[in-house]
Amino acid sequence: KRELKDLSIDPAVLDILSLAKQKNYETVWDRLERQSPHCKFGSSGLCCRNCVMGPCRITEKTPKGVCGADAATIVARNLIRALAAGAAAHSDHGRAVAVLFNEVAQGKNKDYQIADEAKLKSIAEKFHIHTSQDITSIAKEVARVALEDFGKQDEKALNFLEAYAPQKRKETWQKVEEALFSQTGKKMGILPRNIDREITECMHRTHMGVDNQALSLLVQGVRTALADGWGGSLIATELQDVLFGTPDKKVIKANLGVLKEDQVNIIVHGHEPILSEQVVAAAMSPEMQEKAKEVGAQGINVAGICCTANEVLMRLGVPVAGNMIHQELAIMTGVVEAMVVDVQCIFPSLGPLAKCFHTKFISTSDRAAFPEAVHIQFDEHHAREVAQKIVETAIEAFKERDPQKVHIPQEVEEAVVGFSVEEIIKILGGSPKPLVDAILAGKIKGVVGIVGCNNPKIKHDAFHISLTKELIKKDILVIGTGCWAIAAAKAGFMKLDAQALAGEGLKEVCKALDIPPVLHMGSCVDCSRMLVLAAALADYLKVDISDLPLVGSAPEWTTEKAVSIGTYFVASGVPVHLWPMPPIGGSEEVVGILTEGVKDLLGGYFFIEEDPVKTASRMERIIMEKRKAF
Ligand code: SF4
Ligand code: FE2
């Protein structure tokens, strides 16, 4: 049994956890303990449930499933199914944005507008769409190319990948397809043709008796991941920027201390800003603020959790109550009137937990139902109306708040956030040159992108923060997204003061640019921003992404989405660190392909390391090696 202090480095979390212990509230850690030790077949990827001749488990004595599938086939099949689910999550989010954007362009939805015409024009230029036309005509054409990527049936690569990926990388992918064909005699496509099609094809190939060879399966996994990174996620990010504004530099507050005892607290949790932007707008309206006063509150305070938090903090400066693991703890503060959710990373435990409080746990998406939730159906065509209803429900709940149960941790940190690629380039004076010069001069040795989740198996935020600290000390600029970004914000690494923790070179550059040494680039779909930044550097230097001193990491990864993200970075030429170990240990062949075999083909590869200090050293070695080639 782990002691409390081994569960998180965040004092606010430890504070609420001791309260939970005292009051007997159940948390994610309690359930993890009950589920441990985990099934070894599941953890190594050796359990197959893909047909009912099974389920089959692979051991030394039973090396084949009933159908004859071996360890490599089963492990690879399981992995790409997980990857397909992750790519589906990002891309279904992207589709919703594209569909809405199209409706706005067609004049069929008045609850949303085009907020950033400059961004729309810059996207249009990438597709050689005339920008001299009126805005709605440009928007219609951009919507068409985006929607086409979800539905076109030809063999050509995605429109977005063609328009955004750097030239050299596209040549690499072409060469990889040719090399695989000449080595194996089998056609193995890497370039994604249609986002939905690649996900569907993963499901088809992993059906019993279709694709039964690890390499062939993994290549389809790579293609699906590319459909996410340079497709679904990128479309989500780009069109959200057009609809809601491209993020710029701003200061926000982070951690549970942002909750306010004298206000109606609404937490937005999940992923899609289509909902959260409207909730924030409704809450800020004078009418709703007035209603809150009528029930005795001083006002309405909206805070975010998880990636929804990242979306609204990047664009609107809304405070963040915490990352994924804070979701249950926020309710336990006793001051949350409503926890409003849409999709992804939302624990089904929240419904029963909310019942112990006055908190309304409000689900909104037709794709996601939860036990014991209040469902208020969100509809983009009546977005304002629904958002208002949600806020009114929260205001009503304020009356039921039990002062005996109020316990707000005091922890709050400040963070400078909002580093979209556009904002970074603006800070650099209009071109990537100053950053490239700083890298060439060795003031910045390289860049590491850290992404992803929290995992209760790992001390919460500990790997994120130790790794970040080690890297900036070594003059390595750290950028990232998702729950890592929230961890870094809470730990004070995104304050300008954090420059003091950086090595001399990085410190000098950050001082000159007035930025922290650790840059918040947004939500998980915004990992696409890191691809776009890498592409800008590669194109500027006329090299491939794999030539750049870049490394990626998902140090506390949890979700299937992270499998897809890690893979599209590897496929884009970036070495990627992972911890914990993914469920592939059951096949040496699969481990070999992903950690070694891919290197020669794609330039990127995975490596596994449990220790943050050793991870940072290994990243530095990789970066120094890449620098030699410059
Ligand atoms: Fe077993 Fe093969 Fe069926 Fe999987 S697909 S459950 S290995 S028989
Ligand atoms: Fe996320």
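The radius of gyration is taken here over C-alpha atoms, and the globule rule is 2.2 Å times the number of residues to the power 0.38. The model examined is a predicted one. For a chain of 630 residues, the rule puts a compact globule near 25 Å; the protein has 24 Å, which agrees. Along its principal axes, the C-alpha trace spans about 75 × 65 × 55 Å. Buried residues account for 62% of the 630 residues. The secondary structure comprises 25 helices and 16 strands.

One example of a buried loop residue is leucine 191. This leucine lies in the loop between α8 (167–184) and α9 (195–205). Its relative accessibility is 11%, so leucine 191 counts as buried; the cut-off for that class is under 20%. Alanine 616 follows 425 residues apart along the chain from leucine 191, and the two C-alpha atoms are separated by 32 Å.

Two strands were examined together with their partners. The first is β7, which covers residues 336–341. Six of its six residues are buried, so β7 is largely enclosed by the rest of the structure. Strand β7 pairs with β4 in the parallel sense, over five bridges. Within this pairing, valine 268 has valine 340 of β7 as its bridge partner. Strand β7 is also joined to β8 (residues 360–363). That pair runs parallel as well, with four bridges. Here valine 341 stands opposite serine 363 of β8.

The second strand is β14, residues 550–554. Five of its five residues are buried, so β14 too is largely enclosed by the rest of the structure. In a regular strand, side chains alternate between the two faces of the sheet. In β14, Leu550, Gly552 and Ala554 point one way. Val551 and Ser553 point the other way. Every one of these residues is buried.

Strand β14 has parallel partners in β11 and β15. Strand β11 (residues 446–450) runs parallel to β14 and is joined to it by four bridges. Isoleucine 450 stands opposite serine 553 of β14. Strand β15 (residues 576–578) is also parallel to β14, through three bridges. In this pair, serine 553 stands opposite histidine 577 of β15. The chain passes from β14 through helix α23 (residues 560–571) to β15, and this β-α-β crossover is right-handed.

The model also contains ligands. Ligand 2 is an iron ion, and its protein donors are His271 (NE2), Cys307 (SG) and Cys524 (SG). These donors lie 2.3 to 2.4 Å from the iron ion. Their spacing in sequence is H-x35-C-x216-C. Histidine 271 and cysteine 307 link distant parts of the chain, 36 residues apart. Histidine 271 sits in the loop between β4 (264–269) and α11 (273–284). Cysteine 307 belongs to helix α13 (residues 306–316). Both histidine 271 and cysteine 307 are buried.

Ligand 1 has a shell of its own. Cysteines in this shell are Cys48, Cys51, Cys56 and Cys67. The shell also includes Asn50, Met53, Gly54, Gly65, Val66, Ile74, Arg77 and Met208. By class, the shell divides into eight nonpolar residues, three polar and one charged.

Terms used: Residues are numbered from 1 along each chain as its sequence is written. Chains are lettered from A and ligands numbered from 1 in the order in which they are written. This is a predicted model: local features need pLDDT of at least 70, side-chain atom pairs count only at pLDDT 80 or more; totals for chains, interfaces and linings use all residues. Side-chain values use heavy atoms; hydrogens and water are left out. Donors are N, O and S atoms within 2.8 Å of the metal (3.2 Å for Na, K and Ca); water is not among the atoms, so sites may look incomplete. Helices (H or I, at least four residues) and strands (E, at least two) are DSSP runs, numbered from the N terminus. Buried means under 20% relative accessible area, exposed over 50%, partly exposed in between (1.4 Å probe, protein chains only). A residue is near a molecule or strand if one of its heavy atoms lies within 4 Å of it. Ala, Val, Leu, Ile, Met, Phe, Trp, Tyr, Cys and Pro count as nonpolar, Asp, Glu, Lys and Arg as charged, and the others, Gly among them, as polar. Two strands pair if DSSP finds at least two bridges between them. A crossover is right-handed if, with the strands pointing away from the viewer, the path from the first strand over the helix to the second runs clockwise.
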